[in-house]
Amino acid sequence: MADAMTTQRWLRAIVGTLALLAIIIQATAVVVGEGQAVLITRFGRPLRAATQAGLHWKLPWPIDSASLLDMRRRVYETGQTEMLTRDKKNVIARTFVVWRIGDPLAFTQAIGSQGNAESKLDGLLTNAAIGTLGGHDMSALVSTNPSDLQVDQIEAQLLSSTAPIALRSYGVAVEQIRLERIALPEENVSAVFDQMRAERRQFAMKYQAEGDQEASRIHSEAQLEAARIIAKGAEETARIRGQSAAEVAKTYADAHRTDPELYSFTRSLESLGKLVTGSTSLILRTDSEPFSLLQNKGK
Amino acid sequence: MRRQGPPSEIRRLAAPISRLIDGAWQRMHWWVATMVVLYALSGITVVKSDEVAVILRWGRLVGATPALQEHGPGLLFAFPRPIDKVVRVQVKHVWEVPVDTLSPMIDAAEAENEEEELENGVKLTLNPLTQGYAITGDENIVHLSMIARYRVRDPALWAFYGPKSEDVLRVEVTAAMVRSLGEMGVDRVLSDGRESLVATATKRAQQGLDACQSGLELTLLELTGLTPPIAVMQDFGAVQSAFIDAQTLKNDAQAFAESTIPQAHATADASVQSAHGDAAAALATAEGDAAAFRALDREYRASPAVVRERLYRDAVERAISTAGSVRWVPPPVGNTYHGFLISITPSSAGPASTSSPSSTPTTPYPVPPPPTGTRQRQNQNNSQNNGPVPSAGTPGGDERDPD
């Protein structure tokens, strides 16, 4: 019985202490998570801001009160604003900004909420963008020539002209400003389309002309080459025929040289054979051979 | 000892609570003990295979470096809440987000309207507020649709400091793409520059993601659409077909060349071969003729008169039989010439007249005179003077009386 009593007393003490501790901690401790900050106010007057994560202490309500702030980075896209470049071209630009609460105290006092912060940023950025883009040509934004492009400078300029003001006036730390979109006013687009069409037509004609030219080049080169090959063949043929004629002539000459007189005789007879054809009329005297033989018959 | 408790008023207030605790403990002390133990163990967490976990102790990240902060898959021992808070992040999972900020963003009905407008010749335009597009370096307009695939690279940054993933990805990818397109010509973009465009944009977007501490890694940027606006689509198509036509022309020419040159080779080869053949044949003929001539010559040398006469007679007979008509005229009487005489003037060798021992001073068988001078000229003269062609015979020495 005495043991049970002792156990119960210990139990009561432990539970009581724990409850008390819980109440004290609940009232005085503030757990600030990573990515959070806490602003502690005493009777409504901002006392301090704790931006470090961890356990922080305050006096219990109603003396001190703590409000947690989300210190995460946020992305805000501005509206699409039409502006004029230095070379008087209308451009619609949209920027985005990555921001976070830089100074919890200033932020709470000047703005209070995320929505307010963004409308303030919008105005600030639009102004800066109009000013900055007005100092650059269109080719600083889009160009095939890398030395014309100045997007990095423009973005840096935008950042340097807005970040200090945002931090000082609104407690907003602007970390990144980028040109998200570059577009053209609706009424200028058709002019761009016309230009694109003209350019395409030019390309089409260029391809066509190049194709024609190339094809006729290949054609005529082939014809030339073929003619060259045939001419070479003809030359070779003529050479062979000439050589052959020479050899034949030499062969005949070698043979005929053995007896020029006989050659002359046989050649004459050959000519005779060739000259007398079916349409030839021969008129011979009766005392010619072989008719004379008949006349002399008997003698 | 027992009187050392709190003052009597507090005790009076605490008495019902004490009774509650005592009662609870007496009736279900095992149950309570189990609950306490379970609470103590509630900090133990299982980290799955595609996750890492970080521990916040009183809100602060435990561990000085990312390697110490991140706990891999397995059992993770932590204190129960509110001391520790375990945040698990899926780091291996690849998420994807469509980026449509530069795509035409028009629904099917609107697209049909646009086509109708195009047919009616109405100039089209684009509303920058409702239709996405980007401007290339040479001030052409293109539409793009993309899908960004990403994963969490730095769980602590992503979980506590980075901006919302889909927002930051959309803007960073769009900005990087607009920037990268702005430095390339439309022809490169639409042809071979596509890969380099994606590579540049991916690199830029990643730099942006790092700069705003998003803790994200852009693993793949996929271009799902990259087209010129509908209004000028036809013209881009025309360039394409002009290119193909030009290619076809070139290919045709190439084919012509590839057939023409072998044909020329074949022609040339045939001509050379035929020349070789002719040459060989001509030489063979010549050699045959030469051999025949030599053989004849051998016979001739042995008996010139006989061979000569045989040859002559053969030729005359052939001529007479070949000729269309043969007329015989009597020999001239006195000084009047009445016909032609074919005669063979007697050679110096004096051929024996075998068949006709005539009393006339002229030889009965006219035999061509042995040639003198150049062979060629002689040859011609002989065939003119002595062949059985119609020729003016010379009266006088050649005349003879048939009687």
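This note goes through the predicted model of chains A and B point by point, from the make-up of each chain to single residues.

1. Composition of chain A. The secondary structure of chain A comes to seven helices and ten strands, and of its 299 residues 34% count as buried. When contacts in chain A with a separation of 6 or more are considered, 67% of them join residues that are 24 or more positions apart.

2. Composition of chain B. Chain B has 403 residues, of which 29% are buried, and its secondary structure consists of ten helices and ten strands. Among the contacts in chain B with a separation of 6 or more, residues 24 or more positions apart account for 72%.

3. The contact between the chains. Chain B brings 131 residues to the contact and chain A brings 115 residues. On the side of chain B that touches chain A, helix H8 (residues 230–302) of chain B gives the most, with 43 residues. Sorted by class, that side of chain B holds 74 nonpolar, 34 polar and 23 charged residues.

4. Strand pairing across the two chains. Strands as well as helices should be looked at here, since strand E10 (residues 281–285) of chain A pairs in the parallel sense with strand E10 (residues 325–329) of chain B, over five bridges. Within this pairing, Arg285(A) has Val329(B) as its bridge partner in E10(B). As general background, strands of a sheet pair through backbone hydrogen bonds, either parallel or antiparallel.

5. A sheet in chain A. Three strands of chain A form an open sheet in the order E3-E2-E5, with antiparallel pairing. Its edge strands are strand E3 (45–50) and strand E5 (64–70) of chain A, each of which pairs on one side only. On average, and with direction ignored, neighbouring strands of this sheet are turned by 25 degrees against each other. Strand E2 (residues 36–42) of chain A pairs with E5(A) in the antiparallel sense over seven bridges, and the bridge partner of Arg42(A) in E5(A) is Asp64(A).

6. A sheet in chain B. Chain B has an open sheet of three strands in the order E3-E2-E5, with antiparallel pairing. Strand E3 (60–61) and strand E5 (84–90) of chain B stand at the edges, and because each has a single partner strand, one side of each is left without a neighbour in the sheet. Strand E2 (residues 51–57) of chain B and E5(B) pair in the antiparallel sense over seven bridges, with Gln90(B) of E5(B) as the bridge partner of Glu51(B).

7. A helix pair in chain A. Helix H3 (residues 114–133) and helix H4 (residues 151–170) of chain A pack at an angle of about 145 degrees, and their axes are 10 Å apart. The crossing in which H3(A) passes H4(A) is right-handed. Residues making the contact include Ala117(A), Leu121(A) and Leu124(A) of H3(A), together with Ile154(A), Leu158(A) and Ala166(A) of H4(A). By class, the residues of this contact divide into eleven nonpolar, four polar and one charged.

8. The nonpolar cores. The largest nonpolar core has 110 residues, and those that touch the most other members are Ala37(A), Val97(A), Leu121(A), Val172(A), Ile182(A), Val173(B) and Met177(B). Leaving aside neighbours within four places in sequence, Val172(A) is in contact with eight residues that include Trp99(A), Phe107(A), Ala117(A), Leu121(A) and Leu167(A). Another core, of 16 residues, lies apart from the largest one, and among its members are Ala255(A), Phe293(B), Tyr300(B) and Ala323(B). In soluble globular proteins, nonpolar side chains tend to be buried together.

9. A buried residue, Ala222(A). This residue is found in helix H5 (residues 186–257) of chain A. Ala222(A) counts as buried because it has 20 C-beta neighbours inside 10 Å. Apart from neighbours within four places in sequence, Ala222(A) is in contact with Phe256(B), Ala257(B), Thr260(B) and Ile261(B).

10. An exposed residue, Thr224(B). This residue has its place in strand E9 (residues 216–227) of chain B, and it counts as exposed because it has 12 C-beta neighbours inside 10 Å. Not counting residues up to four places away in sequence, Thr224(B) touches Ser145(B), Met146(B) and Ile147(B). Thr224(B) and Ser103(B) are 121 residues apart in sequence, while in space they are 9.9 Å apart, C-alpha to C-alpha.

Notes
Residues numbered from 1 in each chain as written. Chains lettered and ligands numbered in written order. Predicted model: local features only at pLDDT ≥ 70, side-chain atom pairs only at ≥ 80, totals over all residues. Axes fitted to C-alpha atoms, helices over the stretch in contact; angles between N-to-C directions. Helix = DSSP H or I, 4+ residues; strand = E, 2+ residues; numbered from the N terminus. Left-handed = near helix turned anticlockwise from the far one by under 90°. Contact = placed C-beta atoms within 7 Å. Nonpolar A, V, L, I, M, F, W, Y, C, P; charged D, E, K, R; others polar. Pairing = 2+ DSSP bridges. Core = buried A, V, L, I, M, F, W, Y, C linked by C-beta atoms within 7 Å.
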